[in-house]
Structures are given as structure tokens and as C-alpha cells.
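Reader: I am new to this structure and would be grateful for a close look at a single part of it. Please choose one helix and explain how it is placed among its surroundings.

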Amino acid sequence: MAQYSYDESGNMAATFALSVLVLILVPWTISVLSPKSRKHVNRKEGCTCAPCLENQQRLKKQMPRVTFRKSYVFLALGWAATAALVYKVINATPGESVLYDPFEILGIAREATEKEIKSHYKKLSKIYHPDKIKATAEETLEMIQDRFVKITKAYKALTDEVTRENWQKYNDPDGPQQTTVGIAIPQWVIDAQNNIYVLGVYAVVLLVGLPYLVYK
């Protein structure tokens with residue numbers, strides 16, 4: 001059975017939003033800045049009287065400028081939001097590694113032989129065994145025991161046949177574990193106290209933004 005967790009820090013949501021923005025902004029920027037988009041096709045005017053020619057020239061000067069300026073403003077805002085998201089993603093606090101690495105836990109080289117691994121484990125046992133360390137305010141007995149359990153599991157993952165097979169197949173020395181699925185939605189989005197605000201945003205986007213976009 002899968003266990004679902006929401007994006008508490010907002011890092012996954014920021015990455016998703018960044019991907020969507022880039023997919024929209026890149027072709028839009030190329031379209032707006034392309035020389036072809038700023039060329040106006042010269043057509044033969046049906047009427048060549050002075051008032052009609054003046055009116056056509058006035059429209060040519062006004063309409064393209066307004067459209068170009070609006071596009072530029074939206075592009076600038078979009079790229080500013082993209083830069084902010086890039087900064088957030090780059091400076092996000094990295095989570096724990098999803099790959100189980102017994103060599104890293106033991107602090108031993110990957111080229112080490114089984115004899116060297118056993119010798120190294122004996123040294124660690126003499127240092128980190130719960131009977132060798134006294135609990136303190138900074139390091140409780142539970143923390144000491146958990147650390148030694150991790151060291152023992154890492155040692156077995158490299159020396160015990162069954163444990164090693166579990167590590168290689170399931171990335172865990174204890175065998176298959178409960179699946180955890182991360183959802184790129186911040187927790188505050190689904191909180192009951194924020195329902196009215198989330199629904200308000202949906203209403204504005206669907207009832208105002210979408211009809212306006214279709215109209216334009």
C-alpha cells in the first residue's frame with residue numbers, strides 16, 4: 001500500500017511550476033522577438049483617398065505598438081517569476097538520499113574486500129556499541145542504538161547473502177518496504193481552513209481568466 005506525503009517545503013511544486021513556465025515562455029518569447037512577428041504584410045488598399053490612407057497609417061502605428069508592449073510586459077513578468085523559482089529550487093534544502101549506500105554508512109571504500117569490511121566493522125563496534133557509550137543530553141540512548149543498528153545493517157548488506165540480496169533488489173537491507181509517493185502540492189492547499197481561498201483562486205481562473213483568454 002502506498003503512503004502519500006505532501007510537499008511541505010514547496011520544492012516539488014516550485015519545480016513543477018518552473019517546468020510549466022519554461023514550456024510556455026520559451027516558444028512565446030521566440031514568437032514575440034522573432035523578426036517575422038514584427039513584419040506587417042503590405043496589402044493593396046482598396047481605397048487610395050487621402051482620409052483612408054491617413055486612417056490606415058494611423059492604425060498601423062497604433063495597434064502593433066500596443067500589442068508588442070503588452071507582450072513584453074507579460075514576458076518580463078513571466079521570466080521574473082521563472083528566475084524566482086530557479087532561485088528557490090537551487091537554494092532548496094536537499095532531502096535525505098533515496099539510495100541506500102552501506103559503504104557510505106560504514107565509511108569504507110567500495111573496493112574493500114570482505115576481510116577489510118569485517119575488520120572495519122569490528123573497529124566501529126568497539127567505538128559505537130551502546131555498551132561503550134554513555135547517553136548524554138545531546139545524544140540519547142535511542143540515538144546511540146539507532147546509529148549502531150544502521151552500522152550493523154550496512155555491514156550485513158555487504159557480508160550476509162540474504163541481506164545483500166534485499167539491498168540490491170529493494171534498496172533496503174530489510175527487504176521491500178512500504179511505498180512512499182510524494183505529491184507536488186503544498187500541504188496548505190488541502191488544509192480545510194484554506195478551502196475558501198483555494199476555491200476563490202479556482203473561481204477567478206475558471207470564471208474570469210479562461211473566458212477572457214478565449215475571448216482574446
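Author: The account below begins with the chain as a whole, turns to helix H4, and then follows the contacts outward from that helix.

The model is a predicted one. Its protein chain holds 8 helices and 2 strands, arranged along the sequence in the pattern β-α-α-α-α-α-α-β-α-α. Of the 216 residues in the protein chain, 19% are buried. Among contacts between residues at least 6 apart in sequence, 63% join residues at least 24 apart.

Confidence deserves attention before any detail is read. The protein chain averages a pLDDT of 78, and 75% of the residues score at least 70. Confidence is highest in H4, at 93, and lowest in strand S1 (residues 3-6), at a mean of 54. Where pLDDT is low, predicted coordinates should not be read in detail. H4, with the highest confidence in the protein chain, is the helix chosen here.

Helix H4 covers residues 114-128, which makes 15 residues. At 1.5 Å a residue it should span 21 Å, and the C-alpha atoms at its ends are 20 Å apart, which agrees with that expectation. The buried residues in H4 are Ile117, Tyr121, Leu124 and Ser125. Viewed down the helix axis, the buried residues of H4 fall within an arc of 105 degrees, so they line one face of the helix. The spacing follows a general rule: an α-helix has 3.6 residues a turn, so residues three or four places apart point the same way.

The other side of H4 has another character. On the face turned away from the buried side are the exposed residues Lys115, Lys122, Lys123 and Lys126. Glu114 also belongs to H4. Its relative accessible area is 44%, and because exposed means over 50% and buried under 20%, Glu114 counts as partly exposed. The C-alpha atom of Glu114 is separated by 7.8 Å from that of Leu158, although the two residues are 44 apart along the chain.

What do the buried residues of H4 pack against? They pack against helix H3 (102-106) and helix H5 (141-159). The same helices appear in the largest nonpolar core, which has 15 residues; Leu106, Ile108, Ile117, Leu158 and Trp167 touch the most other members. H3, H4 and H5 each supply at least two residues of this core, and H5 gives the most, with 6 residues. In soluble globular proteins, nonpolar side chains tend to be buried together.

Leu158 shows how these parts meet. Leaving out residues up to four places away in sequence, Leu158 touches Pro102, Phe103, Leu106, Ile117, Arg164 and Trp167. Among these contacts is Ile117, one of the buried residues of H4. Leu106 and Trp167 are also touched by Leu158, and both are among the core residues that touch the most other members.

Beyond the nonpolar core, charged side chains form pairs. A search of the whole structure finds 4 salt bridges. In general, side chains of opposite charge can pair when their charged atoms come close. One of the salt bridges joins the side chains of Arg110 and Asp101, at 2.5 Å from N to O. Its two partners differ in exposure: Arg110 counts as exposed at 52% relative accessibility, whereas Asp101 counts as buried at 16%.

Another salt bridge joins the side chains of Glu139 and Arg147, with 2.9 Å from N to O. Glu139 is partly exposed at 22% relative accessibility, and Arg147 is partly exposed at 26%.

A further salt bridge links Glu165 with Lys169, whose closest N and O atoms are 3.1 Å apart. Both residues lie in helix H6 (residues 161-170), 4 residues apart, or about one turn of the helix. Glu165 is partly exposed, with a relative accessible area of 38%, while Lys169 counts as exposed at 56%.

To return to the part in question, H4 has one face lined by its buried residues, and those residues pack against H3 and H5. The face turned away from that buried side carries exposed lysines, including Lys115 and Lys126.

Conventions. Residues are numbered from 1 along each chain as its sequence is written. This is a predicted model: local features need pLDDT of at least 70, side-chain atom pairs count only at pLDDT 80 or more; totals for chains, interfaces and linings use all residues. Side-chain values use heavy atoms; hydrogens and water are left out. The expected span of a helix is 1.5 Å times one less than its number of residues. Buried means under 20% relative accessible area, exposed over 50%, partly exposed in between (1.4 Å probe, protein chains only). The arc is that of the directions from the helix axis to the C-beta atoms. Contact means heavy atoms within 4.5 Å. A nonpolar core is a set of buried Ala, Val, Leu, Ile, Met, Phe, Trp, Tyr and Cys residues joined through side-chain atoms within 4.5 Å. pLDDT is the predictor's confidence in each residue, from 0 to 100.
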